[in-house]
Amino acid sequence: MTDELRQPERPAWKALERHQQEIAGCHLRGLFAGDPGRGERLALEACGLYLDYSKHLIDGETVRLLCRLADGSGLRGRAEAMFRGEPVNVTEGRPALHTALRLPRAASLLVQGRDVVRDVHEVLDRMSVFADGLRAGDRRGHTGRRITAVVNVGIGGSDLGPRMAYSALRHHARDDLDVRFVSNVDPAALAGALRGLDPEETLFVICSKTFTTRETLANARTARAWALDALRDEAALARHFVAVTANSAGAAGFGIEPAATFPFWDWVGGRYSLGSAIGLATMLAIGPERFRELLAGSHEVDEHFRAAPFERNAPALHGLLAVWYASFFGAQTAAVIPYASSLDRFPAYVQQLAMESNGKAVTLDGAAVTSETAAIVWGEPGTDAQHSFFQLLHQGTRLVPCDLIAFSRPLDPPAEHHDLLLANAFAQAEALAFGRTAEELRAAGVPERLVPHRVLPGNRPSTFIIGEELTPRALGALVALYEHSVFTQAAVWEIDPFDQWGVELGKELADRIAVELVAPDEPALHDSSTNALVRRYRASRRPR
């Protein structure tokens, strides 16, 4: 994008700055009172999800200007470049083709002369054969016993995606297969994941794109030693370890056979990789058919995002509202509150997706950004969240836009519990928007000295996302909704959502310090604080 069209100079950006001054003086009470049809008009349904965005500090003009901003930012062109497999990850010169992971078998997409759809379905078919064999009891451990536990070893996107999906879809998973996840290099994490398991009945799925990730390999090596201690035969490990990686040579060096290695590609970023072989543990739990339903739900949203006009485009509007609050209201955080206990890991999943993608301070061409970019994303499931941090949302001094996510039909009885759950979800959205005035409290007989303490100012924005039932297809749609929302934000901010250079320096320093910690005769060559911490740790390791 040319310098003449950078954010503050774009006509739509300037118009939104002026418009924000008008909207900032409005209250949602007044906006609803002045527009009786607002609740139905500022809502849309797409791909099995209903988005109510009427409880935002917006009006029709806001939506018009935000869509104009999306047009002026080249969102449509950047999205098509991504879907076509162009190198939209500009700093690494790669495509970002997570959308190709869910293209139907009959589709075709040539990238550098190779049909990536064929490659994707070859891997999916291999995964399906493997999963069907294990679930049927045909693929067994070395001693002939059935595999009853799967441990996924990964970190970042190689953990958060499959862990989130497994938790979300537990209702659809087999009861006789215990699926666990370990990512933290803290030895307590792996010890907890292995507790109570039988090595003869345990399969490890080692997930690492590069097969060089230090934390993942440390856990993998310890898991290997744990299994070997019981199995007493290196050849036995072939029945108990599989790899998911773009580095098949690295997996072979670890001792995992090519036949037990499931590839994925450098055009899939870790946080976008759930639909690839990284989702193997999830497929083992829910079965290949349901895993493909998850992919189909994501593909449906892909097509919606490509085709729908921005004013009726669920991911685009969701992303534009995030820009509205971060860049024009200065909101520093955003909350994701699923009213579904199975989505307990979904806030953390969105946290990585949004913050690792858009936590950037330079544009695509390396210039400093000229507005605030990604908000800090956080959250917990409702109704638990209501009894922890909702106090701040209602009466604190911070503006925190919220997403509330719910489903109409329960997965488990009793139905009256689900009624109470949804009643809380709807009530919180209403309370956040409209609050409670001093006049209402006085009319209810509240003592005057308590009135200031019980006033809820309202005017706290939220999006309500509701689906019919938490199925694999619905989860896939929800995942793609947030993926394309994040992409929309990146397009407006002119940043690259597909690299993550911010995590590299810490990795490099950790590699260096790890050597220093076990070499007490070598001086630590850091700042005085880090040197002191290294010395203290070395001293604590000496025999007492």
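A charge sits over a ring if NZ of Lys or CZ of Arg is within 6 Å of the ring centre and within 35 degrees of the ring normal. Keep that in mind for the first view of this predicted model.

**View 1. Arg-224 lies over the face of Phe-254.** The distance to the ring centre is 5.9 Å. Phe-254 belongs to helix α10, residues 248-254. Is Phe-254 buried or exposed? Its relative accessibility is 13%, so Phe-254 counts as buried. Skip the neighbours within four places in sequence, and you'll find Phe-254 in contact with Phe-211, Ala-220, Arg-221, Arg-224 and Phe-241. Take Arg-221: it is 33 residues away from Phe-254 along the chain, yet their C-alpha atoms are separated by 8.5 Å.

**View 2. Five strands make an open, parallel sheet.** Read across it and the order is β6-β5-β7-β8-β9. The edges are β6 (178-182) and β9 (261-263), each pairing on one side only. On average, neighbouring strands here are turned by 20 degrees against each other, if you ignore direction. Zoom in on β8 (residues 241-245) and you'll see three bridges joining it to β9. Which residue of β9 is the bridge partner of Val-244? That's Phe-262. The ring of Phe-262 also has company: the charged end of Arg-126 sits over it, 4.7 Å from its centre.

**View 3. Helices α6 and α9 meet the sheet.** Helix α6 (residues 116-136) lies across β7 (202-207), β8 and β9, and runs at about 145 degrees to β9. Helix α9 (residues 214-231) packs on the sheet too, touching β5 (149-153), β6, β7 and β8. Its direction makes about 160 degrees with that of β7.

**View 4. Two tilted aromatic pairs link distant parts of the chain.** A search of the whole structure turns up 20 aromatic pairs. In one of them, Tyr-166 and Phe-181 are 5.9 Å apart centre to centre, with 45 degrees between the planes. Tyr-166 sits in helix α7 (residues 157-168) and Phe-181 in strand β6. Both residues are buried. Now for Phe-426 and Phe-464: their ring centres are 5.2 Å apart and their planes are at 40 degrees, so this pair is tilted. Phe-426, from helix α16, is 38 residues from Phe-464 in strand β13. Phe-426 is partly exposed at 43%, while Phe-464 counts as buried at 8%.

**View 5. Leu-475 is part of the largest nonpolar core.** That core has 148 residues, and Leu-475 is one of those touching the most other members. Helix α19 (residues 472-493) gives the most to it, with 14 residues.

Key:
Residues numbered from 1 in each chain as written. Predicted model: local features only at pLDDT ≥ 70, side-chain atom pairs only at ≥ 80, totals over all residues. Heavy atoms only, no water. Pairing = 2+ DSSP bridges. Helix = DSSP H or I, 4+ residues; strand = E, 2+ residues; numbered from the N terminus. Axes fitted to C-alpha atoms, helices over the stretch in contact; angles between N-to-C directions. Contact = heavy atoms within 4.5 Å. Buried < 20%, exposed > 50% of the residue type's maximum accessible area, 1.4 Å probe, protein only. Core = buried A, V, L, I, M, F, W, Y, C linked by side-chain atoms within 4.5 Å. Phe/Tyr/Trp six-rings, centres within 6.5 Å; stacked < 30°, edge-to-face > 60°.
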